[in-house]
Amino acid sequence: MFSGFNYVLTLTSLLILAVLFMPLIIFIWDFIQNPTCLTIIPGEDVTPIGDNLYNISIVVSYCSNVELRDVLIQVGNITIEFPSLRKGNVTREITVSVSDLEQAPTEGRIEASIAGLYKFSLNFKYRVKGVS
Amino acid sequence: MYGRIIKNIILGVFDGVVYYVLFFVVIPEVFSRTMNMPIEPPPLLIMLMLGIFIAFGVISASVNPFIGIVFEVMSVILGALVLLMILGGKFATSIEYGEISLEISVEFKPLIFIIVGFSVLYAIMRCFERLSHLAKE
């Protein structure tokens with residue numbers, strides 16, 4: 001009786017682990033194959049909407065088949081959030097002020113949850129020459 | 001009598017080595033290869049864990065089966081704790097790419113909890129299996 005249950009338990013655990021592991025493996029594999037899998041491209045449409053405020057369209061391109069959830073992209077003072085991000089391009093309009101654009105952002109971060117299971121964060125910092 | 005003692009010791013060592021290989025070699029190696037990150041536990045910890053797993057295995061095989069069950073469960077719980085300690089449920093690294101520095105971190109706690117959960121379930125199953133054998137005897 002127990003040996004049969006043991007086999008079922010082993011098979012179930014291996015199956016569940018494989019299912020849980022798969023999004024992580026696919027995500028890492030996609031990024032190894034294409035390091036520019038997630039890119040943020042500022043669009044060309046800039047619309048002035050008021051005093052020192054502009055609407056800019058931003059295109060976020062994502063290549064992996066694994067869905068990203070709770071995506072937060074922060075570059076300088078600009079923050080973009082997506083509840084979920086699937087393969088393809090997403091265009092989002094953001095409002096920025098002139099002061100945001102005057103100074104080139106030197107740091108930012110991307111936070112997301114891979115398939116809603118594994119939290120992933122990437123912080124990047126651009127060191128301006130001559131500044132430590 | 002000596003034959004039985006030697007048999008129990010061999011069985012215990014085998015059990016200990018199996019637990020050690022499973023929790024300290026196989027699972028960390030799978031994570032290491034998947035996440036593309038080196039996992040190198042300190043050599044002292046490796047020797048200590050191997051010793052503890054073998055000791056638990058030998059005690060579990062040699063003593064009264066009811067007490068043996070306790071040591072077998074302790075082996076599994078220790079294995080699960082070692083996994084949590086080595087892997088930590090989080091992988092973080094930093095990369096310098098020209099003038100850009102990147103800090104990447106990935107949390108894989110759900111996977112660790114599932115492995116620990118199944119280990120505990122498996123230990124409970126082993127307990128019932130041994131208890132049912134004892135009841136038959």
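Which strand of chain B does strand 7 of chain A pair with, and over how many bridges? Strand 7 of chain A pairs with strand 2 (residues 100-107) of chain B, in the antiparallel sense and over seven bridges. Here, two strands pair if DSSP finds at least two bridges between them. Helices (H or I, at least four residues) and strands (E, at least two) are DSSP runs, numbered from the N terminus.

Before we look around, a word on what you are seeing. This is a predicted model, in which local features need pLDDT of at least 70 and side-chain atom pairs count only at pLDDT 80 or more, while totals for chains, interfaces and linings use all residues. Residues are numbered from 1 along each chain as its sequence is written, and chains are lettered from A and ligands numbered from 1 in the order in which they are written.

**Chain A as a whole**

Chain A has two helices and seven strands. Reading from the N terminus, its elements follow the order α-β-β-β-β-β-α-β-β. The radius of gyration of chain A, taken over C-alpha atoms, is 21 Å, well over the 14 Å that the globule rule gives for 132 residues, so chain A is more spread out than a compact globule. That rule is 2.2 Å times the number of residues to the power 0.38. Along the principal axes, the C-alpha atoms of chain A fill a box of roughly 75 × 35 × 25 Å.

How much of chain A is buried? Buried residues make up 10% of its 132 residues. A residue is buried if 20 or more other C-beta atoms lie within 10 Å of its own, exposed if 12 or fewer, and partly exposed in between, with C-beta atoms placed from the backbone. Of the contacts in chain A with a separation of 6 or more, 52% are accounted for by residues 24 or more positions apart. Two residues are in contact if their C-beta atoms, placed from the backbone, lie within 7 Å.

**A sheet built from two chains**

Now follow the strands across the chains. Six strands form an open sheet in the order 4(A)-3(A)-6(A)-7(A)-2(B)-1(B), with antiparallel pairing. Its edge strands are strand 4 (78-85) of chain A and strand 1 (90-97) of chain B, each of which pairs on one side only. Neighbouring strands of this sheet are turned by 10° against each other on average, direction ignored; the axes are lines fitted to C-alpha atoms, for helices over the stretch in contact, and angles run from 0 to 180 degrees between N-to-C directions.

Within chain A, strand 3 and strand 4 pair in the antiparallel sense over seven bridges. Strand 6 (residues 107-114) and strand 7 of chain A also run antiparallel, joined by eight bridges. These two strands form a hairpin with three residues between them. Some residues that face each other across the strands are listed here.

| Residue | Stands opposite or bridges to | Strand of the partner |
|---|---|---|
| A:Gln74 | A:Thr79 | strand 4 of chain A |
| A:Ile110 | A:Leu122 | strand 7 of chain A |
| A:Asn123 | B:Glu103 | strand 2 of chain B |
| A:Phe124 | B:Leu102 | strand 2 of chain B |

**Where the chains touch**

In total, 23 residues of chain A are in contact with 22 residues of chain B. Helix 1 (2-33) and strand 7 (118-126) of chain A each supply at least two residues of the side of chain A that touches chain B. The largest share, 12 residues, comes from helix 1 of chain A. By class, this side has 16 nonpolar, four polar and three charged residues. Ala, Val, Leu, Ile, Met, Phe, Trp, Tyr, Cys and Pro count as nonpolar, Asp, Glu, Lys and Arg as charged, and the others, Gly among them, as polar.

**Three residues to find**

Most residues other than glycine have a negative phi. A:Asp70, however, has a positive phi near 50°. This residue is in strand 3 (residues 68-75) of chain A, and it counts as partly exposed because it has 14 C-beta neighbours inside 10 Å. A:Ala115 has a positive phi too, near 55°, and lies in the loop between strand 6 and strand 7 of chain A.

A:Ser113 is found in strand 6 of chain A. With 17 C-beta neighbours inside 10 Å, A:Ser113 counts as partly exposed. Not counting residues up to four places away in sequence, A:Ser113 touches A:Leu68, A:Arg69, A:Asp70, A:Tyr118 and A:Lys119.
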